[in-house]
Amino acid sequence: MMKPKTKIILIITIALVLLIGMASNAYATALPSLTLNTNSGGNGNLDVLQIVFMLSLVALLPTILIMMTSFTRIIIVLSFVRNALGLQQTPPNQVLIGLALLLSFFIMSPVIDQVKTQAFDPYANGSITQEVALEKAAVPLRTFMLKQTSNEDLKLFISLSKDNQAIKSVDDVKTNVVMAAFVTSEMKRAFIIGFMIYIPFLIIDMVVASVLMSMGMMMLPPVMISLPFKILLFVLVDGWGLIVKTLIMSFN
């Protein structure tokens, strides 16, 4: 029976390839056939446990995909933009999540192409074994995560791991350690970008509040007056274009 980590990497690889294929409609890939062993050779219980384990992994697949891609940084920054503008439900959550998914597919497309070319296609054609396919599929994903992970966060989780003494190079770091350090770095960068986004809108709120106080209108909420000015500023500077460009360039 395969190790749980091996199954997780295989499911992630197949799901990424399928999702990018459906989004672009550029090609169709023949999936390898799945065969359920029903022979009464004493392995019936083992097959049932494998199926239950695989179904559990499928339920956790969205979370795993989010934690290994650029989705985390993008959705946090977009939430900061909406809060900085003072808009509660505009754009709605569905729109922000859809935009974050599309940008994630755009940013992750080189990685997914490498996984498809180097691992999934040869495995689907039967030219390489499952173990070799898993090794090849893990390389682009680990390279992407390590490129976006800060050295401080990586050292932190390496020091917290149990086998930190056996790590001599980056290749010796386990995938779960890389994922934890990657998510921490993504949240840190997203909050830094969000702080920079908040500054100009905070200045507008302060100016409007000062003007209202000087005019004696202390009972009038400053947000009610500053909101149109913040929206106007955001539209004039092409705010969405700048945000999307900044997010994409931050991964390069």
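# Why these labels? Salt bridges, burial and a bent helix

Tutor: The structure holds three salt bridges. This is a predicted model, in which local features need pLDDT of at least 70, side-chain atom pairs count only at pLDDT 80 or more, and totals for chains, interfaces and linings use all residues. Residues are numbered from 1 along each chain as its sequence is written, and side-chain values use heavy atoms, with hydrogens and water left out.

Student: What makes glutamate 186 and arginine 73 a salt bridge?

Tutor: The term needs a side-chain nitrogen of Lys or Arg within 4 Å of a carboxyl oxygen of Asp or Glu. Here the N to O distance is 2.5 Å, so the pair meets the definition. Glutamate 186 in helix H7 and arginine 73 in helix H3 (residues 71-85) are 113 residues apart. Helices here are DSSP runs (H or I, at least four residues), numbered from the N terminus.

Student: Why is aspartate 153 called buried or exposed?

Tutor: Buried means under 20% relative accessible area, exposed over 50%, partly exposed in between (1.4 Å probe, protein chains only). Aspartate 153 has 5%, so the label is buried.

Student: And what is its salt-bridge partner, lysine 188, called?

Tutor: Lysine 188 has 41% relative accessibility, so partly exposed. Their salt bridge is 3.2 Å, N to O. Lysine 188 lies in helix H7 and aspartate 153 in helix H6 (residues 151-160), so the bridge ties together parts 35 residues apart in sequence.

Student: How do you know that aspartate 205 forms a salt bridge with lysine 230?

Tutor: The closest N and O atoms are 3.4 Å apart. That pair links helix H7, with aspartate 205, to helix H8, with lysine 230, 25 residues apart. Aspartate 205 is partly exposed at 23%. Lysine 230 is buried at 3%.

Student: What makes H4 (residues 93-125) shorter than a straight helix?

Tutor: The expected span is 1.5 Å times one less than the number of residues. For 33 residues that gives 48 Å, but H4 spans only 40 Å between its end C-alpha atoms. H4 also has a kink of about 55 degrees at methionine 108, shortly before proline 110. The bend is the angle between axes fitted to the seven residues ending at a residue and the seven starting there.

Student: Why is threonine 246 called partly exposed?

Tutor: Its relative accessible area is 41%, so threonine 246 falls between the two cut-offs. Threonine 246 lies in helix H9 (residues 239-250). Its side chain reaches the backbone oxygen of leucine 242 at 2.7 Å.

Methods
Helices (H or I, at least four residues) and strands (E, at least two) are DSSP runs, numbered from the N terminus. A polar contact is a pair of N or O atoms within 3.5 Å; within protein, one must be able to donate a hydrogen and the other to accept it, and residues adjacent in sequence count only if both atoms are side-chain atoms.
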